[in-house]
Amino acid sequence: MKLDSKIPDGPLSEKWDKHRFELDLVNPANKKKFEIIVVGTGLAGASASATLAELGYEVKTFCIQDSPRRAHSIAAQGGINAAKNYQNDGDSIWRLFYDTIKGGDFRSREANVYRLAQVSNSIIDQCVAQGVPFAREYGGQLANRSFGGAQVSRTFYARGQTGQQLLLGAYGALSRQIAAEKVRLFTRRDMLDLMVIDGKARGIIVRNLISGNLEKHSADAVILATGGYGNVFYLSTNSMASNVSAAFAAYKKGAFFANPCFTQIHPTCIPVKGSYQSKLTLMSESLRNDGRVWVPKTPGDRRSPGDIKESERDYYLEKKYPGFGNLVPRDVASRNAKLQCDMGKGVGDTKLAVYLDFKDALKRDGQDIIARKYGNLFEMYEKITADNPYKTPMKIYPAVHYTMGGLWVDYNLMSTIPGLFVLGEANFSDHGSNRLGASALMQGLADGYFIIPYTIGSYLAEASPEKIAVDHKEFNISYLNAEARIKKLISIKGKRTVDNFQRELGSILWENCGMSRKNTNLRKAKKLIKELRAEYWENVLVGGSEKDFNQRLEKAWRVADFLEFSELMVTDTLERQESCGGHFNEDYQTDENEALRDDKLFCHVSAWEFQGNRRKPKLHKESLKFENVELTQRSYK
Amino acid sequence: MTKANGEKCINLKLKVWRQKTKDPKGRLESFKAENISKDMSFLEMLDVVNEEIIHSGKDPIAFDHDCREGICGSCGAMVNGRAHGPEKGTTLCQLHMRHFSNGDTVVIEPWRSRAFKVVKDLVVDRSAFDKIIQAGGYISVNTGGAPDGNAIPVPQEVAEKAMDAAECIGCGACAAACPNASAMLFTGAKISQFALLPQGHPETKKRVLAMVGKMDELGFGNCTNERECEAECPKEISIINIARMNREFIKSAISP
Ligand SMILES: Cc1cc2nc3c(=O)[nH]c(=O)nc-3n(C[C@H](O)[C@H](O)[C@H](O)COP(=O)(O)OP(=O)(O)OC[C@H]3O[C@@H](n4cnc5c(N)ncnc54)[C@H](O)[C@@H]3O)c2cc1C
Ligand code: SF4
Ligand code: FES
């Protein structure tokens with residue numbers, strides 16, 4: 001199979017318009033004949049569900065949590081980008097496009113990214129109309145801040161809870177369609193399998209998490225908006241239920257998985273405290289606008305920060321990158337924190353932390369202004385650490401945060417399985433090998449509000465799928481397979497708990513496939529993963545019954561998938577013999593320890609095709625063409 | 001018994017509500033939580049206890065949780081009779097064990113409210129809150145065609161007040177803490193957000209009547225000014241929002 005990205009011809013700025021004109025339309029009266037399944041109610045899934053229902057489609061929406069409002073998107077703090085140029089500081093669609101391409105270290109598609117920048121402005125308008133209480137200037141205009149990696153102020157925000165407010169906006173729109181009976185909502189459901197019938201995505205198998213019953217749902221098209229796979233590392237800033245299972249089920253049914261090695265390590269998280277730790281907490285990177293990152297100049301300096309004089313502090317980011325200072329992109333900031341700690345200059349009990357200091361900002365702006373910007377973040381920090389950041393600098397360390405890799409999609413956001421569309425963090429589309437701050441919310445909502453409504457219509461108009469009954473034999477086969485896998489997990493009754501396995505998997509990946517990667521370590525990791533997976537299926541202890549609300553079983557299913565997926569991730573990491581963005585292979589770096597790309601050999605998307613459990617997946621390459629920007633070595637000096 | 005390790009760790013006695021299904025028969029079961037680091041969150045403490053329960057072949061304690069950052073609203077339980085535990089303005093997942101002392105007995109129970117039925121152990125069904133929102137907790141705009149975001153200026157103090165109300169995480173503590181099982185704080189917060197913002201004005205009347213009506217229909221009680229909701233709300237949503245809702249309700253009910 002040859003990958004066809006379906007990028008429209010013509011000049012970059014006209015592609016989307018032209019494409020929209022060329023897409024087939026579904027007659028308004030016919031829309032209600034089509035059923036669409038949406039899995040996920042984060043920004044991508046909620047916005048898609050609401051918009052498709054508004055257009056007249058029959059929508060069935062699924063999520064794991066007890067309410068759609070609790071999807072992981074709710075936790076996004078910092079903000080959402082748009083090319084409004086309200087600040088008149090030189091922003092434009094082109095600049096947002098360029099920054100995103102460059103920030104992604106030239107591993108994303110020009111056409112997708114340009115479209116994202118184009119629709120970004122409509123997102124803000126839409127959200128304002130929904131009553132999202134964005135921050136305002138005194139005069140009542142929308143406020144902006146600058147955010148990691150950008151030299152213009154284009155980030156819109158609602159205190160430190162932007163994701164919450166955007167999601168509640170989309171959840172409101174979704175709720176309106178539920179009330180109108182255009183969306184049927186299924187909460188506390190876990191998608192276990194994708195149904196592919198006659199080569200098209202036609203439904204899903206889910207587990208009702210309360211009763212434990214498996215359910216079959218058919219549709220004319222399926223949308224996955226199931227988020228990212230960061231929890232493969234066990235410790236991450238993702239919510240506890242974030243998983244790869246839905247995407248991985250689709251992969252096993254023929255959807256290619258693209259760039260699984262592109263994961264993002266966020267520089268500003270609260271450092272790990274102990275072995276009981278269940279997740280890591282992000283401190284929004286907006287803090288880097290006012291906070292200054294430093295470590296003591298002398299390795300091993302154990303004095304408390306207040307005792308370390310200005311002249312004894314190393315503001316390493318400001319020194320090394322005078323142009324961007326504390327605002328360098330995430331991958332650069334994370335790697336530099338690790339470098340400092342590797343040199344023995346880390347602070348705190350574990351020595352795996354650097355300071356983020358607000359002393360100067362507090363002196364300059366006063367506590368009121370700083371509290372208005374970051375109050376809730378400071379409070380959260382104090383709750384967790386018992387340190388008051390108004391008085392003593394925060395301690396931060398990088399943590400897994402976001403996954404740029406995901407299911408491969410074409411320009412229409414359709415995967416390699418016809419009728420399966422993938423939105424939001426679950427797809428690979430727009431962020432290359434590194435995502436810029438405040439761009440995930442933008443992408444999720446762009447996909448859901450403004451792209452899928454056009455492209456899915458064209459698919460349905462063209463494919464006009466026949467109705468399928470849920471007693472179709474393919475449904476029954478999948479149902480039995482899922483049931484057997486659940487029974488097997490419960491019946492092992494081994495000695496190690498699911499959490500215990502997941503922790504070990506996480507540490508294998510963090511050590512060997514994390515911020516800094518080496519071929520020898522990657523090979524070792526592959527072996528360790530295989531061994532751990534084999535042990536899992538002999539020695540896992542799940543407990544409880546399958547016909548029950550059984551949270552361990554939920555997790556056991558997810559960890560089983562992580563154990564398979566992680567091998568694919570390491571395979572992809574090994575395959576990409578270059579460094580780019582968040583993927584840093586130590587063999588490929590500049591003299592200044594920056595990621596060294598190899599544009600001759602690796603200027604492509606790596607899309608993996610499942611070949612059965614025992615065979616290595618097949619690699620397909622989609623080469624990336626840059627016709628509008630010049631490939632350069634990223635520099636933030 | 002393990003000895004509490006210096007000052008950093010404590011030992012606790014837990015009494016946890018166990019209920020297998022929505023059939024309301026249940027009881028308190030005792031567990032020991034030993035060597036609990038004071039840096040742990042309350043939910044991490046439960047994780048540790050659950051790992052032991054699993055090893056002993058019993059059914060671990062079921063509890064809802066997801067973000068563990070105090071924002072998704074999944075978690076929540078009555079801890080020694082207080083919704084989300086003893087700390088003000090804190091969700092259960094953000095409650096840290098440093099607020100407990102060695103030897104404490106901690107009673108953990110699910111939200112108790114007419115409109116929230118127990119699903120299992122500490123897990124409750126809060127879909128009634130979703131239904132209140134479905135009744136009108138939104139501004140009716142379809143995707144597309146929205147005017148420029150700056151077309152309608154919103155004074156900063158108005159935006160801030162709307163944001164104060166919009167911070168609600170839908171956790172249910174207010175209704176659980178209220179002696180009347182009232183959902184007024186939750187509903188009032190949403191109504192206030194839209195009553196404050198100019199975008200919300202056209203529908204205010206319809207919205208307030210529909211949401212208040214739904215609240216009553218679902219079995220939530222009335223507000224008799226006990227102020228328990230405000231005291232227990234992890235986002236410290238103010239009861240000013242209830243007053244605002246009542247004002248809008250009266251305006252809507254008497255105007256033609
Ligand atoms: C702490 C934090 C802060 C962030 N801050 C920002 C920020 O300031 N700006 C920014 O742009 N980005 C930010 N991000 C990134 C951004 O929040 C996410 O990338 C984005 O919200 C993902 O949205 P989504 O709709 O794709 O998926 P999610 O919000 O993850 O939603 C996934 C949905 O899928 C459902 N689901 C998953 N698996 C299954 C399954 N197997 N069966 C059924 N349902 C399933 C879930 O229930 C959920 O409803 C942040 C991320 C984190 C972790
Ligand atoms: S008002 Fe407060 S207590 Fe009630 S649901 Fe909202 S956040 Fe929870
Ligand atoms: S787990 Fe999300 S608020 Fe507590």
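Q: What makes a backbone N or O atom of A:Gly78 and an oxygen atom of ligand 1 a polar contact?
A: A polar contact is a pair of N or O atoms within 3.5 Å; within protein, one must also be able to donate a hydrogen and the other to accept it, and residues adjacent in sequence count only if both atoms are side-chain atoms. In this predicted model, the A:Gly78 atom lies 2.7 Å from the ligand oxygen, so the pair falls within the limit. A polar side-chain atom of A:Gln65 lies 2.6 Å from an oxygen atom of ligand 1, and for a polar backbone atom of A:Ala44 the value is 3.0 Å. The protein buries 98% of the 1000 Å² that ligand 1 exposes when taken alone, with areas from the Shrake-Rupley method and a 1.4 Å probe.

A quick note on reading the names and values: residues are numbered from 1 along each chain as its sequence is written, while chains are lettered from A and ligands numbered from 1 in the order in which they are written. Local features need pLDDT of at least 70, side-chain atom pairs count only at pLDDT 80 or more, and totals for chains, interfaces and linings use all residues; side-chain values use heavy atoms, leaving out hydrogens and water.

Q: How many residues surround ligand 1, and what makes a residue count as near?
A: A residue is near if one of its heavy atoms lies within 4 Å of the molecule. For ligand 1 there are 37, and A:Ser73, A:Met191 and A:Glu425 are among the closest. β6 of chain A gives the most to this shell, with 3 residues.

Q: Why is B:Thr90 called buried?
A: Buried means under 20% relative accessible area, exposed over 50%, and partly exposed in between (1.4 Å probe, protein chains only). B:Thr90 has 4% relative accessibility, so it counts as buried. This residue sits in the loop between β4 (82-83) and β5 (105-109) of chain B. A polar atom of its side chain lies 2.9 Å from the backbone oxygen of B:Lys88.

Q: Which residues does B:Thr90 touch, not counting residues up to four places away in sequence?
A: They are A:Lys383, B:His84, B:Leu95 and B:Pro234. Contact here means heavy atoms within 4.5 Å.

Q: How many nonpolar, polar and charged residues does the shell around ligand 2 have?
A: Ala, Val, Leu, Ile, Met, Phe, Trp, Tyr, Cys and Pro count as nonpolar, Asp, Glu, Lys and Arg as charged, and the others, Gly among them, as polar. By that rule, the shell has 11 nonpolar, 2 polar and no charged residues. The closest residues to ligand 2 include B:Cys168, B:Cys171 and B:Gly172.

Notes: Helix = DSSP H or I, 4+ residues; strand = E, 2+ residues; numbered from the N terminus.
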